[in-house]
Amino acid sequence: MLRLSAFRIAPRLARTYASPAAPNALVFLEHRNGVLDSSSLSALTAATQLGGQVTGLILSGPESSATAIENASKLKGLNKLIHSTADTYKSPVVEAVTPLLKQVLSDSTYTHVVSATSSFAKSLLPRVAALLDAPQISDITSVEHDASSNATTFTRPIYAGNAIATVKASSSIPIKFFTVRSTSFAAALSADVAEASLETLEPVSAGDVPTEHLKTSLTKSDRPELGTASRIVSGGRPLKDAKTFEDTLYPLADVLGAAVGASRAAVDAGYADNSLQVGQTGKVVAPELYMAFGISGAIQHLAGMKDSKLIVAVNKDPEAPIFQIADVGLVGDLYQVIPELTEKLKASK
Ligand SMILES: Cc1cc2nc3c(=O)[nH]c(=O)nc-3n(C[C@H](O)[C@H](O)[C@H](O)COP(=O)(O)OP(=O)(O)OC[C@H]3O[C@@H](n4cnc5c(N)ncnc54)[C@H](O)[C@@H]3O)c2cc1C
């Protein structure tokens with residue numbers, strides 16, 4: 001893999017902030033009905049690696065507020081938890097949260113603002129960073145803070161993961177915003193009892209917000225969540241249609257207790273739901289086991305799964321690029337291999 005040498009982010013800050021030597025990170029924690037997103041737990045781990053104080057910020061509607069606060073305050077590594085409760089924070093739009101985050105950061109001693117690389121944070125953090133005239137580093141895979149120089153060095157994949165950029169944010173940048181690739185950091189664990197001190201924050205009015213949350217449509221599934229599953233069975237274009245995709249892949253996924261993934265070709269052709277897409281424009285996963293059936297191994301697909309611990313590929317074409325990164329490769333027809341494998345796994349249980 002190509003490793004690019006460091007490039008620096010030039011400070012263009014007009015304003016000055018208090019800039020203490022020790023890192024003081026604020027982590028934006030996301031949750032669904034009070035249950036914290038696992039990607040936020042990875043963001044917390046990244047924040048703890050800065051080596052200083054870590055404060056969490058959690059927003060919720062009134063119904064989920066108690067659960068959200070209880071769950072977040074038990075997180076190991078969190079020194080303090082700031083929470084704010086309002087109807088607008090139940091299913092918030094970024095325009096409603098921006099003024100609050102800006103207020104939390106203004107005249108604060110925070111040195112880093114951290115979140116998962118989630119859809120919401122990808123919209124929120126750059127907005128607030130721009131309002132504070134600060135730069136942002138996105139989708140980082142490692143972080144290291146040098147207390148003596150007060151500079152922070154990150155790595156992040158570029159060119160669909162074919163190169164790793166090393167980016168240094170110097171001490172002259174008082175607040176460093178960064179989002180975290182969750183597959184690169186273990187999820188923070190919970191303690192039995194709350195460890196973080198609590199602070200309640202009044203909601204900040206956003207005035208006339210131009211967007212409105214209408215509804216959330218969730219795909220219901222009893223299977224493990226694709227982003228956090230330890231095993232994934234994934235299918236590509238030769239799975240023909242939605243019924244064949246399900247009839248072929250799901251029995252194997254069931255016997256393995258695996259999540260189901262798909263290539264973009266399978267998603268675009270309508271065989272699989274968008275939420276199952278793995279790759280550059282889909283989800284980035286790093287399970288213990290990734291099984292790719294009838295997936296050629298285009299770089300955009302590899303960008304989403306090449307960090308998997310064990311990659312198994314089944315493809316009719318011995319020249320398929322997926323075999324270059326597979327730990328175990330089988331040249332064969334998936335319509336023969338999958339039923340046989342499923343039966344053997346069932347028999348061995
Ligand atoms: C900007 C951009 C972003 C993209 N983002 C993504 C992304 O996030 N995720 C993604 O997956 N793609 C993405 N793509 C698309 C990507 O380039 C490929 O087109 C796509 O991954 C191909 O999907 P596939 O491997 O299922 O299909 P194909 O490339 O058509 O490969 C099908 C494979 O199945 C094999 N095969 C056929 N029949 C059988 C059989 N019976 N048994 C076993 N093997 C068989 C063939 O030998 C072949 O290797 C992106 C492209 C662009 C330009």
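These questions and answers look at two domains and one serine in a predicted model.

Residues are numbered from 1 along each chain as its sequence is written. In this predicted model, local features need pLDDT of at least 70, side-chain atom pairs count only at pLDDT 80 or more, and totals for chains, interfaces and linings use all residues, while side-chain values use heavy atoms and leave out hydrogens and water.

Q: How far apart do the C-alpha centres of domain 1 and domain 2 lie?
A: The domain assignment gives domain 1 as 2-200 and domain 2 as 231-347. Such bounds come from an automatic or database assignment. The C-alpha centres of the two domains are separated by 33 Å.

Q: How much area do domain 1 and domain 2 bury between them?
A: Buried area is the accessible area (1.4 Å probe) that two parts lose on being put together, summed over both. Carbon and sulfur atoms carry 57% of it here. The total for domain 1 and domain 2 is about 520 Å².

Q: Which three residues supply 76% of the area that domain 1 buries against domain 2?
A: No other three residues supply more of the area that domain 1 buries against domain 2. They are Ala-160, Arg-181 and Thr-183.

Q: Which residues is Ser-38 in contact with, leaving aside neighbours within four places in sequence?
A: Ser-38 is partly exposed (between 20% and 50% relative accessible area, 1.4 Å probe, protein chains only), because its relative accessible area is 31%. Contact means heavy atoms within 4.5 Å. By that rule, Ser-38 touches Ala-187 and Thr-228.
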